[in-house]
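Could we go through a protein model together, feature by feature? I would like to learn how to read pockets, aromatic pairs, helices and backbone angles.

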Amino acid sequence: MQGAEKAPNHVAIILDGNGRWAKSKGMPRNYGHVQGAKTVERICEEAYRMGIQYLTVYAFSTENWNRPKDEVDALMKLLRNYLKTCLKTAEKNRMCVRILGDKTGLDADIRQRIEELEAATKENDGLHFQIALNYGGRDEIVRAVRELSHKVKEGELEENQVTEEKISSLLDTRGIPDPDLLIRTCGEQRISNFLLWQLAYTEFYVTTVAWPDFSKDELEKAIEAYNKRDRRYGLVKQG
């Protein structure tokens with residue numbers, strides 16, 4: 001990579017391949033999720049060193065509840081542990097952490113830990129780190145539309161005042177610039193209901209590397225590919 005100044009401002013990542021990676025090593029899927037969580041911590045540090053200001057990861061989707069119960073339970077246990085670790089990491093690296101998604105669908109103790117994590121890190125001036133939990137792009141838009149409808153019904157907003165900017169201001173990512181680059185690991189070429197509104201002008205990069213094996217070198221490859229793109233769409237409105 002040709003210097004930190006070439007790094008995109010906001011990188012989003014779909015963390016794919018934990019289960020397949022574990023299976024390829026003869027290990028249970030949950031082992032892959034544990035290793036994937038460690039990769040998240042490493043990449044947070046590397047991303048900020050490279051000059052990335054915002055990093056958003058897709059950790060648990062609204063569709064992930066359809067996975068086998070034992071896997072979901074293990075993921076929730078891992079999440080509880082990770083939120084503790086993330087708080088320590090954020091204190092050390094001055095990370096500002098924000099959780100995207102429908103928090104009402106999570107257990108009360110997890111919601112409490114999220115509230116504590118966000119409150120403790122909101123003034124930090126390091127990497128802005130967003131974790132999408134119980135998140136779905138369509139669900140996010142539906143929740144924003146419901147809020148808009150309520151405001152119109154209550155007379156707080158006129159119909160002609162419903163704009164792109166107003167919708168953006170009601171999304172989970174309000175105040176956060178749209179991603180410049182989306183990375184998906186493990187070779188899948190779909191966005192899987194992730195940041196549907198925000199990815200309108202985002203560059204995509206797909207790697208066959210599974211998430212637990214994703215490294216600083218792989219991140220640099222993605223950024224190098226991004227810098228070679230010829231982006232002609234002009235200025236993009238940010239949320």
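What follows is a short dialogue on how to read this predicted model.

Q: Let's start with empty space. How does one look for it, and what volume does the largest pocket have?
A: The general idea is simple: rolling a probe the size of a water molecule over the atoms shows where empty space is left. In this structure, the largest pocket has a volume of about 750 Å³.

Q: Which residues lie nearest the centre of the largest pocket?
A: Its lining has 33 residues, and Leu 15, Tyr 58, Ala 59, Asn 64 and Arg 67 lie nearest the centre. Two or more lining residues come from each of α1 (18–24), α2 (29–49), β2 (54–61), α3 (69–93) and β4 (128–135).

Q: How does the lining of the largest pocket divide into nonpolar, polar and charged residues?
A: There are 17 nonpolar, 9 polar and 7 charged residues in the lining of the largest pocket.

Q: How many cavities of 30 Å³ or more are there?
A: A search of the whole structure gives 1 cavity of 30 Å³ or more. The largest cavity holds about 40 Å³ of space. Its lining includes His 10, Thr 56, Leu 100, Asp 178 and Leu 195. By class, the lining of this cavity divides into 5 nonpolar, 4 polar and 1 charged.

Q: Now to rings, please. How is an aromatic pair described, and how many are in the whole structure?
A: A pair of aromatic rings is described by the distance of the centres and the angle of the planes. A search of the whole structure finds 6 aromatic pairs. Take Tyr 58 and Tyr 135: the ring centres are 5.9 Å apart and the planes stand at 85°, so this pair is edge-to-face. Tyr 58 belongs to strand β2 and Tyr 135 to strand β4, so the pair ties together parts that are 77 residues apart in sequence.

Q: Are Tyr 58 and Tyr 135 buried or exposed?
A: Tyr 58 is buried, and Tyr 135 is buried as well.

Q: What does Tyr 135 form with Phe 194?
A: Tyr 135 and Phe 194 form an edge-to-face aromatic pair, with 6.0 Å from centre to centre and 85° between the planes. Phe 194 lies in the loop between β5 (181–184) and β6 (203–206) while Tyr 135 lies in strand β4, so this pair ties together parts that are 59 residues apart in sequence. Both Tyr 135 and Phe 194 are buried. Putting the rings together, Tyr 58, Tyr 135 and Phe 194 form one aromatic cluster.

Q: On to helices. What span does α3 reach, and what span is expected?
A: The idea is to compare the end-to-end reach with the expected rise along the helix. With 25 residues, α3 reaches 35 Å from its first C-alpha to its last, close to the 36 Å expected at 1.5 Å a residue. Within α3, Lys 69 and Asn 81 are 12 residues apart in sequence and 18 Å apart in space, C-alpha to C-alpha.

Q: Which residues of α3 are buried, and what covers them?
A: Among the buried residues of α3 are Glu 71, Leu 75, Leu 78, Tyr 82 and Cys 86. Their cover includes α2, β2, β3 (96–100), α4 (108–121) and β4. By contrast, Lys 69 of α3 has a relative accessible area of 63%, so Lys 69 is exposed.

Q: Where does His 33 lie, and what does it touch?
A: His 33 lies in helix α2. Its relative accessible area is 8%, under the 20% cut-off, so His 33 counts as buried. Leaving aside residues up to four places away in sequence, His 33 touches Asn 18, Arg 67, Glu 71, Leu 75 and Leu 78.

Q: Last, backbone angles. Which residues have a positive phi although they are not glycines?
A: The sign of phi can be read residue by residue along the chain. Cys 186 has a positive phi of about 70° and is not a glycine, and Leu 195, also not a glycine, has a positive phi of about 50°. Cys 186 is in the loop between β5 and β6, and Leu 195 is in that loop too. Cys 186 is buried, at 16% relative accessible area, and Leu 195 is buried at 2%. After α3 comes Arg 94, whose phi is positive, near 55°.

Methods:
Residues are numbered from 1 along each chain as its sequence is written. This is a predicted model: local features need pLDDT of at least 70, side-chain atom pairs count only at pLDDT 80 or more; totals for chains, interfaces and linings use all residues. Side-chain values use heavy atoms; hydrogens and water are left out. On a 1 Å grid over the protein atoms alone, a cavity is a set of points where a 1.4 Å probe fits but cannot get out, and a pocket is an open set with protein on both sides within 12 Å along at least five of seven lines; lining residues have an atom within 4 Å of a point. Grid points are joined across faces, edges and corners, and a volume is the space filled by probe spheres set on the points. Helices (H or I, at least four residues) and strands (E, at least two) are DSSP runs, numbered from the N terminus. Ala, Val, Leu, Ile, Met, Phe, Trp, Tyr, Cys and Pro count as nonpolar, Asp, Glu, Lys and Arg as charged, and the others, Gly among them, as polar. Buried means under 20% relative accessible area, exposed over 50%, partly exposed in between (1.4 Å probe, protein chains only). Contact means heavy atoms within 4.5 Å. Rings of Phe, Tyr and Trp (its six-membered ring) pair if their centres lie within 6.5 Å; planes under 30 degrees apart count as stacked, over 60 as edge-to-face and the rest as tilted. The expected span of a helix is 1.5 Å times one less than its number of residues.
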